[in-house]
Amino acid sequence: MLDFTKLWDKTYLLGPNPIELSRSDWLFFWASAVFVIAGIAAKLLASRQEHGSPRRFLFNRLFHACLTAGLLILLWTGTRFENVPWLSTHVTVLVLFLGWALWLGFIVWYLLRKFGREQKLWQEQALKRKYLNQK
């Protein structure tokens, strides 16, 4: 069971941290590994889309968000393992997760507001290009 009461504990957020990685530190590490894998999967999906496609644009956005967050949190895990002052605090990783959540919010906003229209327009233009280019 997750213990969210630690989020209000000054010692947990700002340190000093124990030498060994805690259970939440390992959870952050595995979450960052999942982010990196999701970023790689998004890049593979983007590379399978046609150039200029809104789907390619969406998958590239997901790639950048997931890979950046994953690598930064992996970097935080390294600083936590080495017990670097200030960088290894839990508030740092929580700010990184908050940044990723905001970034993901903008991607979801794009998906809900603009993606459908752009995808429909792009498909219509692709159909026109298909028949206009034939001779």
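**Entry 1: helix packing, α2 and α3**

I began with the way α2 passes α3, and I recorded a left-handed crossing. The model I am reading is a predicted one. For this pair I noted that the axes come within 7 Å and cross at roughly 155°. Because angles over 145 degrees count as roughly antiparallel, I entered α2 as roughly antiparallel to α3. I then looked up the composition of the contact of α2 with α3, and I listed 18 nonpolar, six polar and four charged residues.

**Entry 2: helix packing, α3 and α4**

I turned next to α3 and α4, whose axes cross at roughly 175° and come within 9 Å. This pair, too, I entered as roughly antiparallel. In the contact of α3 with α4 I found 22 nonpolar residues, together with five polar and four charged ones.

**Entry 3: nonpolar cores**

Which residues make up the largest nonpolar core? I listed 11 residues in all: Tyr12, Leu13, Phe28, Phe35, Cys66, Ala69, Ile73, Trp76, Val93, Phe97 and Trp100. I noted that α1, α2, α3 and α4 each supply at least two residues of this core. The greatest contribution comes from α3, with four residues. Apart from this core I located another, of five residues, and Leu58, Ile107, Tyr110 and Phe115 are among them.

I examined Trp100, a member of the largest core, in greater detail. Leaving aside residues up to four places away in sequence, I found that Trp100 touches Phe35, Ala65, Cys66 and Ala69. Of these, I had already entered Phe35, Cys66 and Ala69 as core members.

**Entry 4: two buried polar or charged positions**

I looked up Asp25, which lies in helix α2. Is Asp25 buried or exposed? Its relative accessible area is 1%, so I recorded Asp25 as buried. Not counting residues up to four places away in sequence, Asp25 touches Trp76, Arg80 and His90.

I then looked up Ser88, which I found in the loop between α3 and α4. Ser88 has a relative accessible area of 2%, and I therefore recorded this residue as buried. With the same exclusion of residues up to four places away, I listed Asn17, Trp76, Thr79, Arg80 and Asn83 as touching Ser88. I noted that Trp76 and Arg80 appear in the contacts of Ser88 as well as in those of Asp25.

**Entry 5: backbone exceptions**

I kept a general expectation in mind here: most residues other than glycine have a negative phi, and most peptide bonds are trans.

I noted a positive phi of about 60° at Asn83, which is not a glycine. Asn83 is found in the loop between α3 (54-82) and α4 (90-132). I entered Asn83 as partly exposed because its relative accessibility is 28%.

Trp86 also drew my attention, with a positive phi near 65° in a residue other than glycine. Its position is again the loop between α3 and α4. Is Trp86 buried or exposed? I computed no value of my own and took the relative accessible area of 66%, so Trp86 is exposed. In this loop I therefore have Trp86 as exposed and Ser88 as buried.

Finally, I checked the peptide bond from Gly15 to Pro16, and I recorded it as cis, with omega near 0°. Pro16 lies in the loop between α1 (10-14) and α2 (23-47).

How values were computed
Residues numbered from 1 in each chain as written. Predicted model: local features only at pLDDT ≥ 70, side-chain atom pairs only at ≥ 80, totals over all residues. Heavy atoms only, no water. Buried < 20%, exposed > 50% of the residue type's maximum accessible area, 1.4 Å probe, protein only. Core = buried A, V, L, I, M, F, W, Y, C linked by side-chain atoms within 4.5 Å. Contact = heavy atoms within 4.5 Å. Axes fitted to C-alpha atoms, helices over the stretch in contact; angles between N-to-C directions. Parallel < 35°, antiparallel > 145°, perpendicular 65-115°, else oblique. Left-handed = near helix turned anticlockwise from the far one by under 90°. Nonpolar A, V, L, I, M, F, W, Y, C, P; charged D, E, K, R; others polar.
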